[in-house]
Amino acid sequence: STAIAAGQDPADEQDIRRALNAWPAAWDARDAGAVCDLFAPDAVFVYPGGPDRTYGQACAQFTDLINNSDRSIVYEPPEIEDVLVDGELAVVRLTWTGTIKGADGSVLERTKERGLDVFGRQDDGHWRITTSYAFPLD
């Protein structure tokens, strides 16, 4: 579903959806710069069981995962449940599904994570995630 505040440009929601849907292709292309570009430089990453992470910490982890030759992760396009845009902020509720594969291509694990992402319109006009909450589903 979608909620747009009165007077809000629906193109903002489209820009956010486009950025989220482009992320799996950037990951598959092993383009760490494009993977990290979904997030604002001051982003905070929240994941159960660990301390909050900074943009630098999360991007370093993404880069390590992308460059890991022992296993790879393939992400499906996200299941976007809600996009709420209000002015310079937006909130997105979604689910990510990933498949972890061994070096030989065998499936090691399937992952599913619910997420709540807060986006902010950046100075360059792009929407980027400023706070990312991810919660694994068992």
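**Notebook: strands β5 to β8, then helix α1**

K112 is partly exposed, with a relative accessible area of 36%. I started from that residue and worked outwards. Note to self: this is a predicted model.

**Entry 1: who K112 talks to**

I looked for an acidic partner and found E79, which forms a salt bridge with K112; their closest N and O atoms are 3.6 Å apart. The two sit in distant parts of the chain, E79 in strand β5 (residues 79-86) and K112 in strand β7, 33 residues apart. I checked E79 for cover too: at a relative accessible area of 39%, E79 is partly exposed.

**Entry 2: the other charged pairs**

How many salt bridges are there? I get a count of 10 by the rule used here.

I picked out two that share R93. In one, the side chains of E81 and R93 meet at 2.9 Å, N to O. E81 belongs to strand β5 and R93 to strand β6, so this pair ties together parts that are 12 residues apart in sequence. In the other, D82 and R93 meet at 2.4 Å, N to O. That pair also links distant parts of the chain, D82 in β5 with R93 in β6, 11 residues apart.

Following these contacts on, I found that E81, D82, R93 and R114 are linked in a network of salt bridges.

Are the residues around R93 buried or partly exposed? R93 itself has a relative accessible area of 33% and is partly exposed. E81 comes out at 23%, also partly exposed. D82 is at 21% and counts as partly exposed because the buried class stops under 20%.

**Entry 3: how the strands pair**

Next I traced the strands. β6 (residues 89-102) runs antiparallel to β7, and 13 bridges join them. One of the pairings I noted is K101 with V107 in β7. Four residues lie between the strands of this hairpin, and G105 takes a positive phi near 90 degrees there.

On to strand β8 (residues 127-136): β7 pairs with β8 in the antiparallel sense over nine bridges. These two make a hairpin as well, with five residues between them, and G125 in the turn has a positive phi of about 90 degrees. I jotted down that each of the two hairpins has a glycine with positive phi, G105 in one and G125 in the other.

**Entry 4: the nonpolar patch**

Which residues make the nonpolar surface patch? I listed L84, V91, L116, Y133 and F135, giving about 380 Å². I zoomed in on L116, which is found in β7 (residues 107-121). L116 stands opposite Y133 in β8, and both belong to the patch. L116 has 35% relative accessibility, so it counts as partly exposed; that clears the patch cut-off of over 30%.

**Entry 5: helix α1**

Last, I turned to helix α1 (residues 10-28) and checked its length. At 1.5 Å a residue, its 19 residues should span 27 Å, and the end C-alpha atoms are 29 Å apart, which agrees.

Where does α1 bend? I put the bend at A22, by about 25 degrees, with a proline, P24, following within four residues.

I then went through α1 for cover: D12, E13, I16, L20, W23, P24, A26 and W27 are buried. I kept a rule of thumb in mind here: an α-helix has 3.6 residues a turn, so residues three or four places apart point the same way. I16, L20, W23 and W27 are among the buried residues. Just after α1, R30 takes a positive phi of about 60 degrees.

Note on methods: Residues numbered from 1 in each chain as written. Predicted model: local features only at pLDDT ≥ 70, side-chain atom pairs only at ≥ 80, totals over all residues. Heavy atoms only, no water. Patch = residues over 30% accessible without salt bridge, like charges linked within 9 Å, V, L, I, M, F, W, Y side chains within 5 Å. Areas by Shrake-Rupley, 256 points an atom, 1.4 Å probe, with all protein chains shown as cover. Salt bridge = Lys/Arg side-chain N within 4 Å of Asp/Glu carboxyl O. Buried < 20%, exposed > 50% of the residue type's maximum accessible area, 1.4 Å probe, protein only. Pairing = 2+ DSSP bridges. Expected span 1.5 Å × (residues − 1). Bend = angle between axes of the 7 residues up to and from the residue.
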